[in-house]
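User: Please take a close look at one annotated part of this structure, and describe how it sits within its chain. Add what is useful about the partner chain for context.

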Amino acid sequence: MAHDENISPNTPLEYQSGIGRLNIFGFWIFLGAEVILFSTIFATYFSIYTSTIGGHAAHGGHAGGVPMPGELFEIGNTLVMTIVLLISSFTCGLAIHEMRKRNTKSMIAWLVITLLFGLGFLYLEITEFMHLVHEGAALGTNAYWSSFYFLTGTHGLHVSLGIGWMILIILQIFKRGLTPDTAKKVFIASLYWHFLDFVWIFVYTGVYLIGMV
Amino acid sequence: MFDFIKDNLILNDPMLLGANISILLSVIGIVFILTYFKKWKWLWTEWLTSVDHKKIGIMYIIAAVIMLFRGGVDALLMRAQLTVPNNEFLTSQHYNEIFTTHGTIMIIFMAMPFVIGLMNVVVPLQIGARDVAFPYLNALSFWSFFFGAILFNISFVFGGSPDAGWTNYAPLAIEGSPGPGINYYLLGLQISGIGTLLTGINFIVTIIKMRAPGMTLMRMPMFTWTALITNFIIVFAFPVLTVTLALMTFDRLFGTHFFTLADGGMPMLWANLFWIWGHPEVYIVILPAFGIFSEIFATFARKTLFGYKSMVISIVTISFLSFLVWVHHFFTMGGTAAVNSVFSITTMAIAVPTGIKIFNWLLTLYKGRIEYTVPMLWSVGFIPTFLIGGVTGVMLGMAAADFQYHNSYFLVAHFHYTLICGTVFACFAGFVFWYPKMFGHKLNERLGKWTFWFFMIGFNVCFLPQFLLGFDGMPRRIYTYGPEDGWTGLNVVSTIGGIGMGIAFMILVYNVYYSFRYAKRETSGDAWGAGRTLEWATTTSVAPFYNFAVTPEVKGLDAFMIMKQEREAGKEEKPEYKPIHMPSNAGTPFVMSVFFFVAGFGLVFKLWWIAILGGIGVLACMALRSLRSHKEDEGYYVSVEEIINTEQKKEA
């Protein structure tokens with residue numbers, strides 16, 4: 001495609017093809033759109049934050065009322081989720097580091113570890129959702145819980161898509177090895193993965209920490 | 001299954017029964033013609049799987065013109081209903097559905113696709129590129145828009161149309177509308193919105209990264225500039241719409257409480273979120289229109305655009321301000337005086353950069369050698385009429401005065417004056433202007449002038465009286481009124497004007513047919529003889545599929561003008577052809593959009609298995625695309641021989 005000439009061998013693999021450079025640039029703009037998407041969901045969450053209709057003001061006991069977020073959020077569980085996701089972002093960075101050194105095997109190893117941490121995060125999130133629903137806080141309970149599930153659910157859906165996407169990319173590397181084309185795909189997936197981590201930090205502080213205060 | 005179809009197919013209303021029958025007959029007719037002339041394969045290889053930006057642009061425009069017809073019929077039905085007092089031509093429910101679909105279709109499925117279609121045809125040519133940055137994504141953009149539009153449109157014969165206005169305000173759209181109509185609205189817009197967002201990303205990358213050597217940002221043609229800024233607005237605004245629609249979809253399908261009255265929902269949240277997207281949306285359709293007019297003024301006044309730099313600064317300013325005015329859509333809904341004042345000031349501030357543009361256009365015309373072609377007529381006609389729209393906009397922007405005007409026909413007249421004079425005039429102007437680039441011949445000038453005058457006069461006759469009706473207190477969205485209200489006379493006048501615009505549309509359609517049969521074929525790429533920008537620099541009238549045999553070199557603003565001057569001075573170098581790399585056709589964008597449609601349809605009727613089937617199809621298409629390697633997808637090379645053959649055709 002456009003302007004493929006004069007590529008220095010020191011250029012990272014993912015930037016060596018013209019289409020690779022276009023794709024990476026385009027993906028940054030896509031991430032810009034994703035920032036707006038999550039900002040809108042956060043804005044919605046904070047607008048409805050006090051709409052805990054039916055929630056009982058006093059702590060303890062569930063007679064008749066809907067549980068308040070402060071009662072159900074557990075610092076331990078969500079902290080573990082946060083750490084798991086942060087580590088996965090770190091291992092993803094290591095994968096890119098190995099890719100730059102063209103160590104295909106260790107790159108794949110780190111990608112697989114990233115995936116396992118991602119799956120661990122999802123497992124923890126799903127068990128948390130099940131616990132919340134069991135305690136009487138479901139999607140349709142009130143506006144607060146609707147926006148809680150919408151926000152965390154959108155993030156969780158992004159993580160799930162990211163996992164599926166990364167599995168497809170690992171398969172391609174097994175088949176075709178590390179080329180400017182596959183390197184570009186790994187790099188873009190890593191940008192996406194770091195972005196999800198970035199969003200989670202806001203979820204953790206904005207939803208869980210503030211919710212527990 | 002049979003019961004489901006029987007329950008939802010609307011057959012009780014004679015008008016809708018007629019619509020059903022005519023749709024059925026058209027489908028049978030199209031299938032028959034395609035089969036009889038053995039055109040199925042041609043349709044698939046040349047159009048449905050095409051990734052050529054010019055063909056995608058043409059498909060966008062065709063779809064937009066069909067939607068213009070549908071939206072126009074809705075408009076005429078409304079005018080027919082309102083012509084006389086106590087009319088019973090339409091029922092109140094039917095009327096609600098018609099003004100809802102009229103607004104939605106005209107904004108989302110007509111105006112925006114029309115300008116995006118023109119962008120597709122023109123922008124890569126104007127910047128000297130072979131195609132957009134992501135041709136495959138471009139096809140996906142078009143098809144998801146197309147199937148979103150189809151999903152929205154089938155509502156009127158299957159299940160019932162949305163009826164809560166194009167703004168779809170909660171709680172009316174949740175608790176007040178139990179049928180599937182609103183679901184159609186939510187999912188039709190959602191699916192086509194995906195396409196729009198992808199277009200935004202695609203064109204930003206195209207314009208920033210794919211310009212021909214020498215084309216700095218400040219040498220870009222004005223239409224490309226407006227396209228760039230518009231696509232930035234798209235990328236910032238459309239994710240908001242995505243979320244907003246998803247929230248209401250959850251409210252309607254899964255029992256959440258974002259916008260409901262009960263359980264803590266906040267209906268006002270819908271209004272805020274909707275207009276944070278909705279006001280920038282207005283500028284998504286108006287800024288490219290400004291770009292089109294700029295090109296046409298410069299071309300037919302034979303002068304460089306006056307105040308190029310201030311034009312650029314003003315569009316950037318407008319795009320920024322467009323995000324800061326959304327509250328003016330509900331000044332009367334209980335905001336504080338301070339809030340209303342802030343948004344009143346930002347709203348009126350938009351008049352400043354817009355005024356700068358108007359003066360620049362006038363100064364471009366000043367001392368120009370003006371040639372009144374049809375595109376020029378539309379552009380010149382635009383200035384005074386758009387001014388009426390702009391000035392009444394400032395009147396509405398004053399929060400205190402808005403308490404008088406809001407929800408009256410004054411508002412209706414105002415936004416039709418801006419959107420029709422801005423966008424629709426520009427669509428017609430650009431359509432006629434770039435027609436030879438798309439089809440190899442011009443439209444007939446005489447018929448074009450008839451279209452212009454019928455539309456121009458019809459438009460003013462239709463909407464000027466509506467300002468007065470607004471002053472007289474006639475509310476918008478009203479289904480009928482009594483003779484004692486005293487609104488009859490002006491409404492009759494308004495309807496006559498509406499008919500005028502309908503006639504203009506028919507002349508335009510006839511013009512397309514007439515010119516296809518009889519117009520002289522253009523031989524040069526510079527059909528108007530006065531082209532200034534690179535889209536006119538192609539050797540053949542219709543740009544070859546690879547656009548330029550040799551990538552042009554840009555030496556200043558109005559790059560083609562400079563090339564022509566050099567050619568006259570005999571400084572032109574002999575072109576040296578190299579094989580050209582082009583992307584291959586792709587069927588997945590079409591198939592994937594069909595699955596989007598299936599998923600959307602399933603959700604509209606809460607038929608979960610259909611929705612899941614569609615969703616799996618979409619994911620499978622994405623996975624297949626991801627698994628393709630660059631090698632398998634790298635397209636093909638056009639040989640030097642073929643380039644020479646194509647390039648010499650015009651000389652023969």
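Analyst: UniProt positions are given here in the numbering used for this model, with feature names shortened, and such annotations may be inferred rather than shown by experiment. With that in mind, the part to look at is the feature "domain: Cytochrome oxidase subunit I profile", which an unreviewed UniProt entry places at residues 38-555 of chain B. The model is predicted. Over residues 38-555 of chain B, 69% of the chain is helix and 0% is strand, and the C-alpha atoms at the two ends lie 48 Å apart.

The chain that carries this part has 22 helices and two strands. Its radius of gyration is 25 Å, close to the 26 Å that the globule rule gives for 652 residues, so chain B is as compact as a globular protein of that length. The C-alpha trace of chain B spans about 75 × 60 × 50 Å along its principal axes, and 59% of the 652 residues in chain B are buried.

The annotated range begins at residue 38. B:K38 is not a glycine, yet its phi is positive, at about 50°. B:K38 sits in the loop between helix 2 (14-36) and helix 3 (40-48) of chain B, and its relative accessibility of 71% makes it count as exposed, the cut-off being over 50%.

Further along, the peptide bond from B:A170 to B:P171 is cis, with omega near 0°. B:P171 belongs to the loop between helix 6 (135-153) and helix 7 (172-175) of chain B.

Another loop, between helix 11 (308-321) and helix 12 (337-349) of chain B, holds B:M333. B:M333 has 41% relative accessibility and therefore counts as partly exposed. Its C-alpha atom is 19 Å from that of B:G393, with the two positions 60 residues apart along the chain.

Helix packing can be followed in one pair. Helix 16 (residues 409-439) and helix 17 (residues 445-471) of chain B have axes 7 Å apart and pack at an angle of about 160°. Because angles over 145 degrees count as roughly antiparallel, helix 16 of chain B is roughly antiparallel to helix 17 of chain B. The crossing of helix 16 and helix 17 of chain B is left-handed.

B:D558 also has a positive phi, near 60°, in a residue other than glycine. The loop between helix 18 (488-518) and helix 19 (559-568) of chain B contains B:D558. At 12% relative accessibility B:D558 counts as buried.

For context, chain A has six helices and zero strands. The C-alpha trace of chain A spans about 70 × 30 × 25 Å, and buried residues account for 51% of its 213 residues. An unreviewed UniProt entry places the feature "transmembrane region" at several stretches of chain A, among them residues 108-126 and 186-210. Residues 108-126 of chain A are 100% helix, with end C-alpha atoms 27 Å apart. Residues 186-210 of chain A are also 100% helix, and there the end C-alpha atoms are 35 Å apart.

Helix 6 (residues 180-212) of chain A packs with helix 3 (residues 75-100) of chain A: their axes come within 10 Å and cross at roughly 160°. The two helices of chain A, 3 and 6, are therefore roughly antiparallel to each other. Their crossing is left-handed, and the contact between helix 3 and helix 6 of chain A has 19 nonpolar, seven polar and two charged residues.

Definitions and conventions:
Residues are numbered from 1 along each chain as its sequence is written. Chains are lettered from A and ligands numbered from 1 in the order in which they are written. This is a predicted model: local features need pLDDT of at least 70, side-chain atom pairs count only at pLDDT 80 or more; totals for chains, interfaces and linings use all residues. Side-chain values use heavy atoms; hydrogens and water are left out. Axes are lines fitted to C-alpha atoms, for helices over the stretch in contact, and angles run from 0 to 180 degrees between N-to-C directions. Helices (H or I, at least four residues) and strands (E, at least two) are DSSP runs, numbered from the N terminus. Angles under 35 degrees count as roughly parallel, over 145 as roughly antiparallel, 65 to 115 as roughly perpendicular and the rest as oblique. A crossing is left-handed if the near helix is turned anticlockwise from the far one by less than a right angle, and right-handed if clockwise. Ala, Val, Leu, Ile, Met, Phe, Trp, Tyr, Cys and Pro count as nonpolar, Asp, Glu, Lys and Arg as charged, and the others, Gly among them, as polar. The radius of gyration is taken over C-alpha atoms; the globule rule is 2.2 Å times the number of residues to the power 0.38. Buried means under 20% relative accessible area, exposed over 50%, partly exposed in between (1.4 Å probe, protein chains only).
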